[in-house]
Amino acid sequence: MYDALIAIWQQDYQLLVSHGAMMMVVFCLVLILFLESAFVFLPLPGDSLVLLSGGLVASGVIGYEVTLLYLPLAAGLGSLVAYWQGYALAHTRFMHHIERMVPQGSLPRAHVLLEKHGFMAMFSSRFVPFVRVLTPMLMGMTGMKLPKVALVSFVSAFCWTFTLSLLSSSLMKMPQLEQYHHLLTKGLIMISAVLFVLAILAIVYRWYRYPQVNKAE
């Protein structure tokens, strides 16, 4: 896996093909998107990885089926896992721990979206990190019908991955940016890594600060 990351960083895609690592790269992208959509305590950089996937499609490294099929399926299934968590963990002490881990105000915002827009809330929240996990969880807590949740989950996941990957691939195909492909790819990788580290630090900070805030109040 380390060799695959180095090859992507250096954009030596022939090395990926010769080592048979392309399937591993696709598998990792699919797994990360599934986990990011399923578990709020795993702040993985889903948006930037979808953008990176679009760039890889534009470079001919991976096929369109990755961004049009595999990634939306992974994200949609992840949302169903989040729904099941909300259904199973509603009114348990574990929900208190979730409130400690997510950004302050994320849970109330998800509640407001759900109350105002119903199933459309899940569609719109797909484009918002953290909230896209909280919305299906709240749907599970309130007992919304699973078939409708599943339909909206997969449709919104497809629109999300299609939009971001199309944006990324379009930028990569612009003649004016051709000489900057290396910088764009490296930038997306660095952004993904930085966002992941910052999100972990933010969760740790909120985890230890949240009880103190409650006591102060």
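**Group meeting: a buried helix and its salt bridges**

Okay, let's start with a small thing: G143, just after helix 9, takes a positive phi of about 75°. When I say helix or strand, I mean a DSSP run, H or I over at least four residues for helices and E over at least two for strands, numbered from the N terminus.

Before going on, the ground rules. This is a predicted model, so local features need pLDDT of at least 70 and side-chain atom pairs count only at pLDDT 80 or more, while totals for chains, interfaces and linings use all residues. Residues are numbered from 1 along each chain as its sequence is written, and side-chain values use heavy atoms, with hydrogens and water left out.

Now the overall picture. There are 11 helices and 0 strands in the protein. Out of 217 residues, 41% are buried; buried here is under 20% relative accessible area, exposed is over 50%, and partly exposed is in between, with a 1.4 Å probe and protein chains only. As for contacts, meaning heavy atoms within 4.5 Å, take those in the protein with a separation of 6 or more: 79% of them join residues 24 or more positions apart.

Back to helix 9, then. How many of its residues are buried? It's 10 of 11, so to speak mostly covered. The buried ones include V131, L134, P136 and M137, and R132 is on that list too.

R132 is the one I want to stay with. Its relative accessible area is 2%. What does it pair with? E36, for one, in a salt bridge where the closest N and O atoms are 2.6 Å apart. By salt bridge I mean a side-chain nitrogen of Lys or Arg within 4 Å of a carboxyl oxygen of Asp or Glu. E36 is buried as well, at 6%. E36 sits in helix 3 and R132 in helix 9 (residues 131-141), so this pair ties together parts of the chain 96 residues apart in sequence.

The side chains of D47 and R132 also meet in a salt bridge, at 3.1 Å from N to O. Here too distant parts of the chain get linked, with D47 in helix 4, R132 in helix 9, and their positions 85 residues apart. D47 is partly exposed, with a relative accessible area of 22%. The total count is 2 salt bridges, and E36, D47 and R132 are linked in a network of them.

Next, the nonpolar side. A nonpolar core is a set of buried Ala, Val, Leu, Ile, Met, Phe, Trp, Tyr and Cys residues joined through side-chain atoms within 4.5 Å. The largest one has 19 residues, and L33, I62 and W160 touch the most other members. Which elements give two or more residues to this core? Helix 3 (22-38), helix 4 (46-58), helix 5 (64-89) and helix 10 (146-173). There's also a second, separate core of 7 residues, with L114, L138, M139 and V152 among them.

W160 deserves a closer look. Leaving aside neighbours within four places in sequence, W160 contacts L33, V50, A75 and F127, among others. And the salt-bridge residues turn up again, with E36, D47 and R132 among the contacts of W160.

Now helix 3 against helix 5. Their axes come within 7 Å and cross at roughly 30°; axes are lines fitted to C-alpha atoms, for helices over the stretch in contact, and angles run from 0 to 180 degrees between N-to-C directions. That makes the two helices roughly parallel, since under 35 degrees counts as roughly parallel, over 145 as roughly antiparallel, 65 to 115 as roughly perpendicular and the rest as oblique. The crossing is right-handed, that is, the near helix is turned clockwise from the far one by less than a right angle. On the helix 3 side, the contacting residues include V26, V30, L33 and S37. Helix 5 meets them with residues including Y70, A74, L77 and V81.

Last stop, K173 in helix 10. Is K173 buried or exposed? Exposed, with a relative accessible area of 51%. K173 and A58 are 115 residues apart in sequence, yet 6.6 Å apart in space, C-alpha to C-alpha. Neighbours within four places aside, K173 contacts A58 and Y64.

That's my tour.
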